[in-house]
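Reader: Could you take me through one part of this model in some detail? I would like to look closely at a sheet and what sits around it.

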Amino acid sequence: MARFRQSFLVKHVFGWVARLLALASLLALAARACPAWLSSIPYLPDLAALTPWFILLGLLALLLALMSSRWFTALVLIAALALNVYWQYPFYQEGSELNSQADQLVALEHPDRYDDVARVMTLNVYKGQADADQVVKTVSDNRVEVLALQEVSKDFVDRLHKAGIDRYLPHEQLSTSSKEYANGLWTAAPMQSPSKDDVGSRSSMMPAASIDFGRGKTSVRFVSVHTTSPQPGSWNAWRRSVSDLGKLQNHEHTRYVLMGDFNATYDHAVFRDMLGERFSDGARQAGHGMSMTWPADRAPLPRLVAIDHVVVDHDIRANQLQAVPIAGSDHAALLATVMVE
């Protein structure tokens with residue numbers, strides 16, 4: 001009798017835990033499904049950002065529901081899991097490959113600036129605290145031709161030059177609306193029409209410059225992106241700052257690559273609306289993972305969310321995405337290969 005009671009109690013506890021986890025999963029899916037105009041509800045952005053992890057939570061809940069014979073809960077969890085897998089699957093579906101010469105071109109010791117292919121990199125340097133030497137080494141090791149940095153300080157820029165960034169990326173554009181931190185671009189090729197701000201966002205100034213990729217035939221405009229972080233008191237400002245980037249869709253005669261800290265994941269409706277029919281998230285286009293980049297300074301905990309992106313225009317392809325931890329920063333650097341068609 002005692003063993004029967006113990007078994008009954010265990011099943012009862014498992015059943016309630018399964019129900020609670022099922023409720024959490026449904027709340028996360030509801031947050032992900034909310035339209036952009038509702039996305040500034042407090043803490044909803046945080047919940048939506050964790051949507052992929054609720055697949056694991058849902059699997060645990062499903063196991064507990066089956067062990068406790070909670071069949072209705074199990075059915076709800078199966079439906080929730082199916083929907084979440086449907087949303088996340090494109091990140092793991094084989095994407096469009098670059099041409100056969102792309103690997104060889106980006107591996108050259110001195111990459112050709114006019115071959116329509118480039119290795120690019122973005123990193124939030126966490127208020128200038130990132131290791132500048134490691135940033136330059138990563139640029140060198142990966143033959144990076146365009147670098148976008150966010151939250152750079154004057155001291156960090158000095159350390160970047162001391163580390164030798166000019167040997168690889170001699171052209172620089174910085175802009176800031178504060179006295180402390182700036183966003184910046186560094187390029188191997190000369191900048192055309194450099195701008196301190198291409199977006200006019202209420203969050204920060206986002207510098208931009210056009211790069212000649214094809215000897216006068218192919219021009220691509222790069223923007224270093226940094227939007228407002230979704231925090232208490234800043235929910236509406238966060239939503240507006242991500243939406244501001246969507247205005248670039250109206251510039252029909254300019255090819256864009258937007259790189260930086262978007263403070264949003266693909267599971268945020270406001271980010272998907274910003275992409276629209278024109279832009280693509282490089283990680284989703286590549287199809288070999290979500291490229292989680294934050295937080296990168298809490299080892300052994302894993303990076304939880306993909307808020308740094310390389311966003312490409314409709315006639316540009318992205319592949320070979322890689323997240324690289326950089327000492328001193330709470331973000332991992334995100335690298336990608338982009339190719340203009």
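**The open sheet, from its edge**

Author: Happy to. Let's begin with strands β11 and β12 (residues 332-340), which run antiparallel and are joined by 8 bridges. One pair to find on your screen is asparagine 319, whose bridge partner in β12 is threonine 337.

Now step back to the whole sheet. It is open and built from 6 strands, in the order β3-β4-β2-β1-β12-β11, with mixed pairing. The two edges are β3 (171-175) and β11 (316-325); each has a single partner strand, so one side of each is left without a neighbour in the sheet. On average, neighbouring strands here are turned by 15° against each other, with direction ignored.

Next, look at what lies across the sheet. Helix α7 (residues 154-162) lies across β2 (144-152), β3 and β4 (182-187). Relative to β2, helix α7 runs at about 150°.

For a second helix to compare by eye, try α8 (residues 235-245). Its buried residues are Trp235, Trp238, Ser241, Val242, Asp244 and Leu245. They pack against α2 (44-49), β7 (219-226) and α9 (269-275). As a reminder about such helices, residues three or four places apart point the same way, because an α-helix has 3.6 residues a turn.

A word on confidence, since this is a predicted model. The chain averages a pLDDT of 90, and 91% of the residues score at least 70. Confidence is highest in strand β10 (residues 308-312), at a mean of 98, and lowest in helix α5 (residues 102-106), at 59. Where pLDDT is low, the predicted coordinates should not be read in detail.

How values were computed
Residues are numbered from 1 along each chain as its sequence is written. This is a predicted model: local features need pLDDT of at least 70, side-chain atom pairs count only at pLDDT 80 or more; totals for chains, interfaces and linings use all residues. Side-chain values use heavy atoms; hydrogens and water are left out. Buried means under 20% relative accessible area, exposed over 50%, partly exposed in between (1.4 Å probe, protein chains only). Helices (H or I, at least four residues) and strands (E, at least two) are DSSP runs, numbered from the N terminus. Contact means heavy atoms within 4.5 Å. Two strands pair if DSSP finds at least two bridges between them. Axes are lines fitted to C-alpha atoms, for helices over the stretch in contact, and angles run from 0 to 180 degrees between N-to-C directions. pLDDT is the predictor's confidence in each residue, from 0 to 100.
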